[in-house]
Amino acid sequence: MPAWTDLLRDIADFPKPGILFKDITPVLADANGFAHAVAAMAAPWRDASLDAVVGVEARGFILGAALARELGVGFVPVRKPGKLPAHTLSLDYGLEYGRDRLEIHADALPTGARVIVIDDVLATGGTLKAAVQLVEQQGAIVIGTGVLVELGFLAARATWDHAAPLHAAAIY
Ligand code: AMP
């Protein structure tokens, strides 16, 4: 594993008992660690023809915005309900317990825009999948998805049915 992965911190029983939380804040706080983590996320897309990076609230904003700068394209946020000020498109999706909703500005991406969708951690994959669907509803083309950390033991990849590649900078 590359050195920046040593900066990832496991927090047991957060935010509730039984969850092993992957805390990325020590990676972000370290200049070298952050640079190498973003470089690892950028590597698969350096030669891709890309129009924007889409990041999912909230830690997907930090990584997605840094990645957009690294790749020389713009950044588009996918947010929790009620946060975006202009006209939005929204998508309801199922969680392990209950439902949630994601929103994107309806005019954020032109039809046919080629994008990657970014989040920090892939757990069950539900959040990233919903963000991909929302972006596609808007008429953009998802050429790939990326996360800093994939929780491989949750096997989200086994049910990942999107044609575009899913890249994880580190898998646990
Ligand atoms: P999921 O939809 O199950 O793939 O969950 C992904 C979202 O929840 C991401 O936005 C993560 O930030 C967060 N998340 C879920 N599980 C964890 C975990 N064990 N450690 C850190 N973040 C997590």
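Which residue has a side-chain N or O atom 2.8 Å from an oxygen atom of the ligand? Aspartate 119 does. This is a predicted model, in which local features need pLDDT of at least 70, side-chain atom pairs count only at pLDDT 80 or more, and totals for chains, interfaces and linings use all residues. Residues are numbered from 1 along each chain as its sequence is written, and side-chain values use heavy atoms, with hydrogens and water left out.

**Ligand contacts**

The table lists polar contacts of the ligand (pairs of N or O atoms within 3.5 Å; within protein, one atom must be able to donate a hydrogen and the other to accept it, and residues adjacent in sequence count only if both atoms are side-chain atoms).

| Ligand atom | Protein partner | Distance |
|---|---|---|
| Nitrogen | Leucine 20, polar backbone atom | 2.9 Å |
| Oxygen | Aspartate 119, side-chain N or O atom | 2.8 Å |
| Oxygen | Threonine 124, side-chain N or O atom | 2.5 Å |

On its own, the ligand has 480 Å² of accessible area, and the protein covers 82% of that. Such areas come from the Shrake-Rupley method with a 1.4 Å probe; for residues, only the protein chains shown count as cover.

The shell around the ligand holds 13 residues. A residue belongs if one of its heavy atoms lies within 4 Å. The closest are Arg59, Asp120, Thr124, Gly125 and Thr127. By type, the shell has five nonpolar, four polar and four charged residues. Here Ala, Val, Leu, Ile, Met, Phe, Trp, Tyr, Cys and Pro count as nonpolar, Asp, Glu, Lys and Arg as charged, and the others, Gly among them, as polar. At least two shell residues come from each of β2 (20-23), β7 (114-122) and α4 (126-137). Helices (H or I, at least four residues) and strands (E, at least two) are DSSP runs, numbered from the N terminus.

**The pocket**

The ligand sits in the largest pocket; that is, more than half of its atoms lie within 2 Å of the pocket's grid points. A pocket is an open set of points on a 1 Å grid over the protein atoms alone, where a 1.4 Å probe fits, with protein on both sides within 12 Å along at least five of seven lines; lining residues have an atom within 4 Å of a point. Of its 34 lining residues, Ile19, Leu95, Ala123, Thr124 and Thr127 are closest to the centre. The lining divides into 18 nonpolar, seven polar and nine charged residues. β7 gives the largest share, four residues.

**Backbone features**

The loop between β1 (9-12) and β2 holds proline 15. The peptide bond from phenylalanine 14 to proline 15 is cis, with omega near 0°. Aspartate 13 lies in the loop between β1 and β2, and its phi is near 60°.
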